[in-house]
Amino acid sequence: MIAVVFSWVGVALIVMGTLFTFVSAIGVLQFSDVFRRQHAAAKPQMAGYLCLAIGLALMMQSLLWTGVLLLAVLLQTLTAPVSAHLLGHAALRLDYLHEVTDE
């Protein structure tokens, strides 16, 4: 009985994580400013990745997979803010504050 509940909660979290990732991709395409695009790429993407990892851990119900997913979430949590900060810092140093126009 509890395995069925874990599976349904896992599916719900995977769907929610997929929606977060989809909204993040739309935000990157729709925003015209570098910093808005950076924010759209970093914040919802991390939330989506976390939801996907938790949902997958609940569905797999394996200690090995939970450890691997925990390591992946830890590494993503450490690298995503650093890369977003470096991109923002580079855009600021290059005086790239104008609107981006797509052709």
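1. A definition to start with: the bend at a residue is the angle between axes fitted to the seven residues ending there and the seven starting there. With that in hand, look at H2, which has a kink of about 25 degrees centred on glutamine 45. Keep in mind throughout that this is a predicted model.

2. How far does H2 reach from its first C-alpha to its last? The helix has 27 residues and spans 38 Å, close to the 39 Å expected at 1.5 Å a residue. I'd mention that span in the same breath as the kink of about 25 degrees at glutamine 45.

3. Next, the buried side of H2. The buried residues here are Val34, Arg37, Ala40, Met46, Gly48, Cys51, Ala53, Gly55 and Ala57. Note that an arginine, Arg37, is on that list. The cover over these buried positions includes H1 and H3.

4. Now the pairing of H2 with H3. The two helices pack at an angle of about 180 degrees, and their axes are 10 Å apart. Angles over 145 degrees count as roughly antiparallel, so H2 and H3 are roughly antiparallel to each other. As for what makes up this contact, its residues divide into 19 nonpolar and 6 polar, with no charged ones.

5. What sits between H2 and H3? The loop between helix H2 (34-60) and helix H3 (63-93) holds glutamine 61. Its phi is worth a look: the value is near 50 degrees, which is positive, and the residue is not a glycine. This glutamine follows H2. Is glutamine 61 buried or partly exposed? Glutamine 61 counts as partly exposed because its relative accessibility is 42%, between the 20% and 50% cut-offs.

6. On to H1 and its contacts with H2. Serine 24 is in helix H1, which runs over residues 2-30. At 3% relative accessibility it counts as buried, since the cut-off for that is under 20%. Which residues does serine 24 touch, once those up to four places away in sequence are set aside? The answer is Ala40, Ala41, Pro44 and Gln45. So the partners of serine 24 include Gln45, the residue on which the H2 kink is centred, and Ala40, one of the buried residues of H2.

7. Valine 28 is also in helix H1. With a relative accessible area of 29%, valine 28 is partly exposed. Leaving out neighbours within four places in sequence, valine 28 is in contact with Arg37, Ala40 and Ala41. Ala40 and Ala41 are thus touched by valine 28 and by serine 24 as well. Arg37, a partner of valine 28, is buried in H2.

8. Two distances from valine 28 help with orientation. Alanine 42, in helix H2, is 14 residues away along the chain, and the C-alpha atoms of the pair are separated by 9.8 Å. Isoleucine 54 is 26 residues from valine 28 in sequence and 25 Å from it in space, C-alpha to C-alpha. Alanine 42 itself counts as partly exposed, at 21% relative accessibility.

9. Last, the start of H1. Alanine 3 lies in this helix and is partly exposed, with a relative accessible area of 35%. How many Å separate the C-alpha atoms of alanine 3 and leucine 92? The separation is 50 Å, for two residues 89 apart along the chain.

Conventions:
Residues are numbered from 1 along each chain as its sequence is written. This is a predicted model: local features need pLDDT of at least 70, side-chain atom pairs count only at pLDDT 80 or more; totals for chains, interfaces and linings use all residues. Side-chain values use heavy atoms; hydrogens and water are left out. Helices (H or I, at least four residues) and strands (E, at least two) are DSSP runs, numbered from the N terminus. Buried means under 20% relative accessible area, exposed over 50%, partly exposed in between (1.4 Å probe, protein chains only). Contact means heavy atoms within 4.5 Å. The expected span of a helix is 1.5 Å times one less than its number of residues. Axes are lines fitted to C-alpha atoms, for helices over the stretch in contact, and angles run from 0 to 180 degrees between N-to-C directions. Angles under 35 degrees count as roughly parallel, over 145 as roughly antiparallel, 65 to 115 as roughly perpendicular and the rest as oblique. Ala, Val, Leu, Ile, Met, Phe, Trp, Tyr, Cys and Pro count as nonpolar, Asp, Glu, Lys and Arg as charged, and the others, Gly among them, as polar.
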